[in-house]
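Visitor: I would like to learn how to read a protein model feature by feature. Could you walk me through one?
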Amino acid sequence: MAEYRLFVDIQTIQSLRFGDRGIPRFATEVSRALLAAHAPVAAIALNPLLPWPRRIHPDLAAAPQLTWNTGPALRRARAGGPVATFVISPFEGARPAHGVLAAHTADVPQMVMVHDLIPEVVARHDPASDWGRMYARRRQWAGEADVVICPSEHTRRDVIERWAVAPEQVAVIGEAASPFFCAPGPEENAATLLRAVLPAINRPFVLCVSGWDTYKNTETLIEAWSELDGAVRREHQLVIACTLPDEGREAWRELARRRGIGDDEIVLTGFVEDEVLRALYRAAALFVLPSHYEGFGLPVLEAVNCGATAITSDASSLPEIIEWPAATFPPNDTGAVADRVEQALSDSAFRAELAGVCRRAAERHTWRRVVDRLLAARTLLPDPATARPHRLRIALVG
C-alpha cells in the first residue's frame, strides 16, 4: 500500500504578529527535522496571499519542496502519489480566510495540529467578536480533520473531552527544542554577553520566560520571591524575560514593591533576541515556569537543552516534560513555589538529582522522535485506496 506524503502548511512563519513565537518556531524546526530525516515530504507550503516571511531558516529557503500553497502546487504533489496535508497552525488570523483554509485542499486527507486550547480554557476571547467567530469555525474544521495532532497528552485529553473527537483519531507527537538552544562551547561565555546587553543582571539569577497573559502566573512567582529566605534573596536576582507592555511593566514593579522586593532584585528584560535568550538560559542558576496552562511548555526544553536546571508548576502539560514530581509545585500555592525555588537553589543533594533529571529530559525530547511519531500518525488516515477522490471544480469569475 502506498504511504501518504506530507503537504506541510507552514504559513505560521509568515505571521506578522507572532513570527518569532513558539508555534512558528515549531513549524520551522519540525520541517527541518522532516527534511533531515529524508521523510516523505511532498511540499512545504507558504500562504501566497501573505508576504514572504521576515525570517526563514536557510534550510527551508533552499529546500526544493518549498512552494506556495496553490492548486497547481497541490496537483504537482498529487501526481507523485497519495498526499495528506499537515496544517501546523489552523488558527492563523490572516485574511482572506481562504488563504488559510485553502479550498483546493478540501478533498485531501487532513492532519491538523492543535497546540493548545488556551482560547477556550482560559476564555481569552469574546465568542461574538470577529476572533471568537473565526475561532469557532476553525475549531469545527480542526475537530473534523482525519487526524488531530497534539504536542502533549494533556492537550490530547482536552481535545477529546472538549471537542468530542474520537480518541483513536488524536495522536501525540511531542516537541523538542531548536538545536540553537544548546550548551555553550569552550569559547562561548554567556556572562560576557549578558553584561553587555543586560547590565542590570549583576549576580546569580533565577530565570522565568513568561508573558503578560494571566495564565502565565508570573505574579505568583513574584509574590513567592518575597517569601524566600533572606540570604537566598540577597545572593540572587529574579529575571523575567518577555515582551511586556508599559502597563504590565509598571504593574509587576508595583507588585514587587508592595511585597518588599527591591528594584535591583527583579529584572524585567522586555523582548530579547534569541542569542540573548540562549545566554540567559545558559547562565541561569535556575529556570522556573509557573504557568497555569501550557499546550506543551517549550521554554522548559530550551532551558534544559542549554544546561539549566528547571522546575515547573504541576499544571496542564508541564509535568510531562521533566517527568519528576519533585520538580513541580502547585501554581496557586505561593509558599510551595517559594519552597521549591529555595530547595533547588540551596539543597545540594536535591539540585544534583534535579540536574540529572533535566539532562535526561533534554535527551528524551528530540526532533527525531517527533518526526517518527508524526509519520506513525499517518496510519490513522484513511487507506489511500479508499480515500475521497479528487474533485475537479469550475470557478465562475465576474
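Guide: We will go through burial, salt bridges, cysteines and two single residues in turn. This is a predicted model, where local features need pLDDT of at least 70, side-chain atom pairs count only at pLDDT 80 or more, and totals for chains, interfaces and linings use all residues. Residues are numbered from 1 along each chain as its sequence is written, and side-chain values use heavy atoms, with hydrogens and water left out.

Visitor: Let us start with burial. Why is helix 11 described as largely enclosed by the rest of the structure?

Guide: Two conventions come first. Buried means under 20% relative accessible area, exposed means over 50%, and partly exposed is in between (1.4 Å probe, protein chains only). Helices (H or I, at least four residues) and strands (E, at least two) are DSSP runs, numbered from the N terminus. Helix 11 covers residues 274-283, and seven of its 10 residues are buried, so the rest of the structure largely encloses it. Those buried residues are Val276, Leu277, Arg278, Ala279, Leu280, Tyr281 and Arg282.

Visitor: Which elements do the buried residues of helix 11 pack against?

Guide: Here contact means heavy atoms within 4.5 Å. The partners are helix 1 (22-36), helix 7 (190-197) and helix 12 (298-305), together with strand 8 (205-209), strand 9 (237-241) and strand 11 (286-289).

Visitor: How many salt bridges does the structure hold?

Guide: A salt bridge is a side-chain nitrogen of Lys or Arg within 4 Å of a carboxyl oxygen of Asp or Glu. By that rule there are 19. One of them joins Asp264 to Arg203, with the closest N and O atoms 3.8 Å apart. This pair links distant parts of the chain: Asp264 sits in the loop between helix 10 (246-258) and strand 10 (266-270), Arg203 in the loop between helix 7 and strand 8, 61 residues apart. Asp264 has 45% relative accessibility, so it counts as partly exposed.

Visitor: Which residues are linked in a network of salt bridges?

Guide: Look at Glu250, Glu254, Arg257 and Asp263. Within that group, the Arg257 and Asp263 side chains form a salt bridge at 3.4 Å, N to O. Arg257 is partly exposed at 39%, and Asp263 is partly exposed at 44%.

Visitor: Where does Glu323 form a salt bridge, and with which residue?

Guide: Its partner is Arg364, at 3.6 Å from N to O. Glu323 is in the loop between helix 13 (319-322) and strand 13 (328-329), while Arg364 belongs to helix 15 (residues 348-364), 41 residues apart.

Visitor: Now the cysteines. How many disulfides does the structure hold?

Guide: A disulfide is a pair of cysteine sulfur atoms within 2.5 Å, and the structure holds zero. For Cys242, the nearest cysteine sulfur is that of Cys208, 7.7 Å away. Cys242 is buried at 8% relative accessibility. For Cys358, the nearest cysteine sulfur is that of Cys306, 12 Å away. Cys358 is also buried, at 2%.

Visitor: Is Thr312 buried or exposed?

Guide: Thr312 is buried, with a relative accessible area of 1%. This residue lies in strand 12 (residues 310-313). Leaving aside neighbours within four places in sequence, Thr312 is in contact with Leu289, Val300, Leu318, Ile322, Ala327, Thr328 and Phe329.

Visitor: And what can I read from Pro384?

Guide: Compare sequence with space: Pro384 and Pro109 are 275 residues apart in sequence, and their C-alpha atoms are 8.9 Å apart. Pro384 lies in the segment after helix 16 (367-376) and is partly exposed, at 21%.
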